[in-house]
Amino acid sequence: NTVQEYTITPENQYFSVSYGSGTNDDKYLELVLEKSLDREQEAEMGFRVIAVDGGSPPKSGEIEISIIVLDVNDNAPIFTQDRYIGKVLENMPEGSVVLTVQATDKDEGINGDVSYQLSQVVGQSDSEFVIDHKTGEIKLTKPLDFEVAEHHEFRVRATDGGGLSAICKVLVEVVDVNDNAPELVVSSFSSPLPENTVPGTVVALFTVRDRDSGANGKISCALEDQLFFSLRPAYKNYYELVTVSALDREETPQYVLRVTAADAGSPPLTSTHTFSVDISDVNDNAPVFNQTSYTMYVRENNVGTVFVGAVSAADADVGLNAKVSYSLAAEQGPERARCSCISVNSENGHVFVLRPLDYEHLRQSEVTVSASDAGSPPLRANVTVRLVVLDENDNAPLVLYPAQESSPAWSELVPVSAEAGYLISKVVAVDADSGQNSWLSYHLLRATDPGLFSVGLQSGEVRLRRPVTERDSVKQKLLVLVRDNGQPPLSATAALSALLLKDFSDVRLPHASPATEDQDASLTTYLILALVFVSLLFLASTAVLLARKVCRRKELKAGHVLYAADTLQSGLAHAAAAGTLPRPYCYEISLTTGSGNSEFRFLKPILPSLPPQHCAVGQGPDEEQEFPAVPVSAEDMAPDNAGTLSAGQFNGF
């Protein structure tokens, strides 16, 4: 009736039951694994173990067995692809995802956790890629450059937690982007170019290239200005820059040429290269004067080596070809011999007059100045310089008539009956100068009787100013001053004499000697000095008298009062008694204007006679007393009892 056997229901190939008794009659029951388990195929299984006794009928008992298969790292990771291929634009920024690799592990837990690592990139020591250890995303660490590498190949390792790993290959293809402008590389370049370069001369040889591919690498070239230069294809991507027309440095000393290369990308990229072509000078321009002719002026009597002006010529060339030197050109023919008085500085073109000139001998002169450059061969130009001599007032007037050298001097005959304006003579003079310096004016400088004669300012005619009188001297001497209009003016004198005659029957008169004439001149001088002295004395006396009269009027206004009619006699009596009146009478004096001598008329006294004692002067005979003016009536002005006193008598009185 004890347990006779054990069975597993349902049966499986993995487990069996082993049972028996031990040495101590101990019963045991074991579940035996008959075949290796595979968790990836069946992670859990369940069955029943049934125990059956040997009774009749047999009885049984059972137990549920649940088997959980624990994972063992017996599976390596497996990639979904053996080779991953990805494409990326070369201008993708850093951090962009290129592609994602994926590997699976049938294990679970840590054994099924897969991590990814990059193996070294083929041919690269510094990878441009990085992979996410968890997700397997491959990202860029820096932008790729198609021109550096068109594709990148590397390996990715997937490792589980148990240390099993798998490897796959990754190929990244870089897609070209039009990110490179064309490049222009100059092989040869000629600068400067002579301005006489013939058309078709090669100036530069260059090649163009583009690191991009396809349409992005196709290049075309163009020249902006093709008036004097053009581009000519040479070989493949080589071009020549050549001249197409004549060059002129004076018009354009430098040409700046811009060659533009453009690719066929979208959008197209361009690059520009600048050629600066300098044009070297050729002596193809003669000097040019800044004037067609020159006129210079110098005053006569100039000092030696005086600067009178400068000529100036410019040369459009440069360097030695533009260095201008000046010289006097040789005149053609003997009639145009070069003037020896003119010199020109070879460096700066200054013109000098070497010696003093005389306007009266040389009024103008012309020379030819040549300007030559230092080119090879030299070019030259000529210009005419006209030197004009300006007049200076260096010649005094010359009296032609009357002749001053004649001895005895000629005398003009003048009838005493001649009226005012009668033409006596005419002074004729000339001046060797010109212009204003030769304009002459005539002035009467001295005459025996200056009021008798007049001289025409411009004509020099000597005429009578008034009719001749008996008091006029028979022989009249005149000195006429002839003066020019220069600065300062120069002058000359003309002496002539005139005889005042009633008739012309006998005109032979004795001529005065020079000694007598000098004595007459001295006597005239003394008389003039005496007249001036007397005039000054008279003016001084008049001024003193006027000052004294003004002082008296001021005193009268200050305190004196005229006497009234009723108090006149008493006032005079008191005045006479006091001795303030020099005489007891008052007189009215009147002067006649018709006669040559002054007359003084004494009228009757208008005051009564005073006693003789009233005539005494109280202050002494030498002292004067002021007496106020007394009004006089018309009756007192009657001319009866009047007497006439001559000027001499009045002075005596």
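Colleague: Is phenylalanine 275 buried or exposed?

Modeller: Start with the cut-offs: buried means under 20% relative accessible area, exposed means over 50%, and partly exposed is in between, using a 1.4 Å probe and protein chains only. Phenylalanine 275 has a relative accessible area of 2%, so it is buried. Phenylalanine 189 has 36%, so that one is partly exposed.

Colleague: Anything I should know about the model itself?

Modeller: It's a predicted model: local features need pLDDT of at least 70 and side-chain atom pairs count only at pLDDT 80 or more, while totals for chains, interfaces and linings use all residues. Residues are numbered from 1 along each chain as its sequence is written, and side-chain values use heavy atoms, with hydrogens and water left out.

Colleague: How many aromatic pairs are there?

Modeller: In general, a pair of aromatic rings is described by the distance of the centres and the angle of the planes. Here, rings of Phe, Tyr and Trp (its six-membered ring) pair if their centres lie within 6.5 Å; planes under 30 degrees apart are stacked, over 60 edge-to-face, and the rest tilted. That rule gives 12 aromatic pairs. Take phenylalanine 189 and phenylalanine 275: their ring centres are 5.4 Å apart and the planes sit at 50°, so the pair is tilted. Phenylalanine 189 belongs to strand β15 (residues 183-189) and phenylalanine 275 to strand β22 (residues 270-280), so the pair ties together parts 86 residues apart in sequence. Phenylalanine 289 and tyrosine 294 have ring centres 6.3 Å apart and planes at 75°, so they are edge-to-face. Both phenylalanine 289 and tyrosine 294 are buried.

Colleague: Where do those strand labels come from?

Modeller: Helices (H or I, at least four residues) and strands (E, at least two) are DSSP runs, numbered from the N terminus.

Colleague: Which residues do ring pairs link into a cluster?

Modeller: Phe189, Phe206, Tyr239 and Phe275.

Colleague: On to charges. How many salt bridges does a search of the whole structure find?

Modeller: The general idea is that side chains of opposite charge can pair when their charged atoms come close. A salt bridge here is a side-chain nitrogen of Lys or Arg within 4 Å of a carboxyl oxygen of Asp or Glu. The search finds 13. Arginine 39 makes one with glutamate 40, closest N and O atoms 3.4 Å apart, and another with glutamate 108, at 3.2 Å. Arginine 39 lies in the loop between β3 (27-33) and β4 (44-53), and glutamate 108 in the loop between β9 (103-104) and β10 (115-118), so this pair ties together parts 69 residues apart in sequence. Arginine 39 is buried, with 11% relative accessibility, whereas glutamate 108 is partly exposed at 42%. Salt bridges link Arg39, Glu40, Asp71 and Glu108 in a network.

Colleague: Which residues form a nonpolar patch on the surface?

Modeller: Patches are made of residues with over 30% relative accessible area and no salt bridge; like charges are joined within 9 Å, and nonpolar side chains (Val, Leu, Ile, Met, Phe, Trp, Tyr) within 5 Å. Accessible areas come from the Shrake-Rupley method with a 1.4 Å probe, and for residues only the protein chains shown count as cover. The nonpolar patch has Leu398, Leu400, Tyr401, Val428 and Val430, with about 410 Å² of accessible area together. Two or more residues each come from β32 (398-401) and β35 (428-430), and β32 gives the most, with 3 residues. Valine 430 is in strand β35 and is partly exposed at 39%.
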